[in-house]
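I sat down with this one to look up a few things and jot them in order. Strands come before helices, with some single residues along the way.

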Amino acid sequence: QAVFQILLTYGEDSEKENDTVEMYDRVTLRYRIYYKGEEVAEQSRDEYEIIIGYNGNGDIDTRLGEEMIGKKTGDVCKVTYTFPETDLSLGSWAGETVEAEGKILSVSKIVVPECNDETVSKIGEGFTSVASFRKALKADMLEQKESAKAEAVITAFMDSVTVKKYPQAETQAYVDRYIREIEASAQELGITYEQYLKEYLKMTEDEVSQAAKEDAQDRVKKDMACIQASRLLKVELSEKEYQNGLKEYYAKEKDLFDSVEDFEAYYTKDIMWECIRWDKTFLKMLEDAVPAE
């Protein structure tokens with residue numbers, strides 16, 4: 001199934017004997033998103049494609065695609081979708097409900113290519129045979145599985161944590177960083193901070209302040225929990241482990257710093273020590289975690 005899903009995106013369109021939408025068809029829509037009865041212009045499209053049954057569609061498009069099965073050209077399909085409340089990156093959209101509407105303009109059948117060496121070589125990534133392709137796909141799926149396990153462990157861990165009091169200095173530092181990132185985004189677009197809030201985030205300054213506070217508390221909670229977990233599990237870090245970990249962190253941001261010493265001075269050794277000790281702690285938690293469906 002995973003191989004088929006990938007090959008589906010490399011298929012060629014062919015004419016259908018009828019214009020009824022079926023699984024794995026490519027459908028061209030007039031696409032509209034509505035919020036509280038008003039069209040969200042920046043999210044709407046006069047021509048928009050959805051592949052029915054493709055697992056790379058977003059949640060909204062997947063639901064709209066399911067609704068279109070059995071419909072014909074000219075039909076209009078509608079679905080509602082509520083954004084996750086816990087996703088703070090959505091800003092004021094978190095927890096809000098929108099309506100997606102799609103008018104079917106055309107329907108074509110996708111002819112999925114045969115999985116052979118020639119087809120696989122066109123996909124790229126250096127694949128030369130079906131065997132190499134399947135091996136890489138298996139490794140990718142294993143990585144995704146491990147990533148899902150890690151996410152489940154950290155979620156379960158954080159859900160068990162209660163913060164009695166948030167330290168003011170650390171919380172305010174994260175709030176300030178949250179605001180600075182928004183200001184930087186506005187500057188990149190050449191507009192004011194106020195315009196960015198109104199036109200892109202669709203939030204008031206009070207709403208941004210509240211979102212910044214919630215984001216800061218979430219980050220501080222995680223920081224405090226990580227330190228406490230390391231203490232409870234009695235995870236110690238050697239100087240060699242620290243230096244190796246420091247080099248790995250520096251490698252991710254080496255374009256921003258002249259040396260690993262500058263990197264360490266910027267973040268301070270105390271902070272980096274706890275970050276690297278937490279990494280070691282988390283690996284121990286993963287090793288001890290019980291796999292579950």
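How many residues lie between strand 2 and strand 3 in their hairpin, and which residue in the turn has a positive phi? I am working from a predicted model, so I keep that in mind throughout. I find two residues between the two strands, and Lys 36 in the turn has a positive phi of about 50°. The hairpin strands run antiparallel and are joined by two bridges. Tyr 35 has Glu 38 as its bridge partner in strand 3.

**Entry: strand 2 and its partners**

I stayed on strand 2, which covers residues 25-35. I noted that eight of its 11 residues are buried, so I call the strand mostly covered. Besides strand 3, I looked up two other pairings. With strand 6 I get 10 bridges in the antiparallel sense. With strand 4 (residues 45-51) I get five bridges, again antiparallel. Tyr 31 shows both pairings: its bridge partner in strand 6 is Gly 102, and its bridge partner in strand 4 is Arg 45.

**Entry: Asp 25**

Is Asp 25, in strand 2, buried or exposed? I have it at 0% relative accessible area, which makes it buried. I then checked what its side chain does, and it reaches the backbone nitrogen of Glu 22 at 2.7 Å. Leaving out residues up to four places away in sequence, I list contacts of Asp 25 with Lys 16 and Thr 20, with Ile 50, Ile 51 and Ile 52, and with Val 107, Ser 108, Lys 109 and Ile 110.

**Entry: strands 5 and 6**

Next I went to strand 5 (residues 76-82) and followed its side chains, which alternate. Cys 77, Val 79 and Tyr 81 point to one face and are buried. Val 76, Lys 78, Thr 80 and Thr 82 point to the other face and are not buried. Strand 5 runs antiparallel to strand 6 (residues 97-111), and I find seven bridges joining them. Lys 78 has Glu 101 as its bridge partner in strand 6.

I also picked Glu 99, which sits in strand 6. Its relative accessible area is 28%, so I put it down as partly exposed. Not counting neighbours within four places in sequence, Glu 99 is in contact with Arg 32, Ile 33 and Tyr 34, and also with Lys 78, Val 79 and Thr 80. I compared its place with that of Tyr 35: the two are 64 residues apart in sequence, while their C-alpha atoms are 6.5 Å apart.

**Entry: cysteines**

How many disulfides does the structure hold? I get zero. Cys 226 is in none, and the nearest cysteine sulfur, that of Cys 275, is 8.3 Å away; a disulfide would need the two sulfurs within 2.5 Å. Cys 226 is buried at 9% relative accessible area, whereas Cys 115 counts as partly exposed at 26% relative accessibility.

**Entry: helix 5**

Over to helix 5 (residues 168-189), where I checked the length. Its 22 residues should span 32 Å at 1.5 Å a residue, and the end C-alpha atoms are 32 Å apart, which agrees. Its buried residues are listed as Thr 171, Tyr 174, Val 175, Tyr 178, Ile 182 and Ala 186. Looking down the axis of helix 5, I see its buried residues fall within an arc of 125°, so they line one face of the helix. What covers them includes helix 6 (193-201) and helix 7 (205-232). The face turned away carries the exposed residues Ala 169, Gln 187 and Glu 188. Just after helix 5, Gly 190 takes a positive phi of about 75°.

**Entry: helix 8 and the loop after it**

I ran the length check on helix 8 too: 14 residues should span 20 Å at 1.5 Å a residue, and the end C-alpha atoms are 20 Å apart, in agreement. Tyr 242, Gly 245, Leu 246 and Tyr 250 are buried in this helix. They cover an arc of only 140° around the axis, which puts them on the same side of helix 8. The buried residues of helix 8 pack against helix 9 and helix 10 (269-288). On the other side of helix 8, I noted Lys 240, Lys 247, Glu 248 and Lys 252 as exposed.

Last, I looked at Asp 258, in the loop between helix 8 (239-252) and helix 9 (260-267). Asp 258 counts as exposed, at 74% relative accessibility. Asp 258 and Ser 209 are 49 residues apart in sequence, and I have their C-alpha atoms 34 Å apart in space.

Methods
Residues are numbered from 1 along each chain as its sequence is written. This is a predicted model: local features need pLDDT of at least 70, side-chain atom pairs count only at pLDDT 80 or more; totals for chains, interfaces and linings use all residues. Side-chain values use heavy atoms; hydrogens and water are left out. Buried means under 20% relative accessible area, exposed over 50%, partly exposed in between (1.4 Å probe, protein chains only). Helices (H or I, at least four residues) and strands (E, at least two) are DSSP runs, numbered from the N terminus. Two strands pair if DSSP finds at least two bridges between them. A polar contact is a pair of N or O atoms within 3.5 Å; within protein, one must be able to donate a hydrogen and the other to accept it, and residues adjacent in sequence count only if both atoms are side-chain atoms. Contact means heavy atoms within 4.5 Å. The expected span of a helix is 1.5 Å times one less than its number of residues. The arc is that of the directions from the helix axis to the C-beta atoms.
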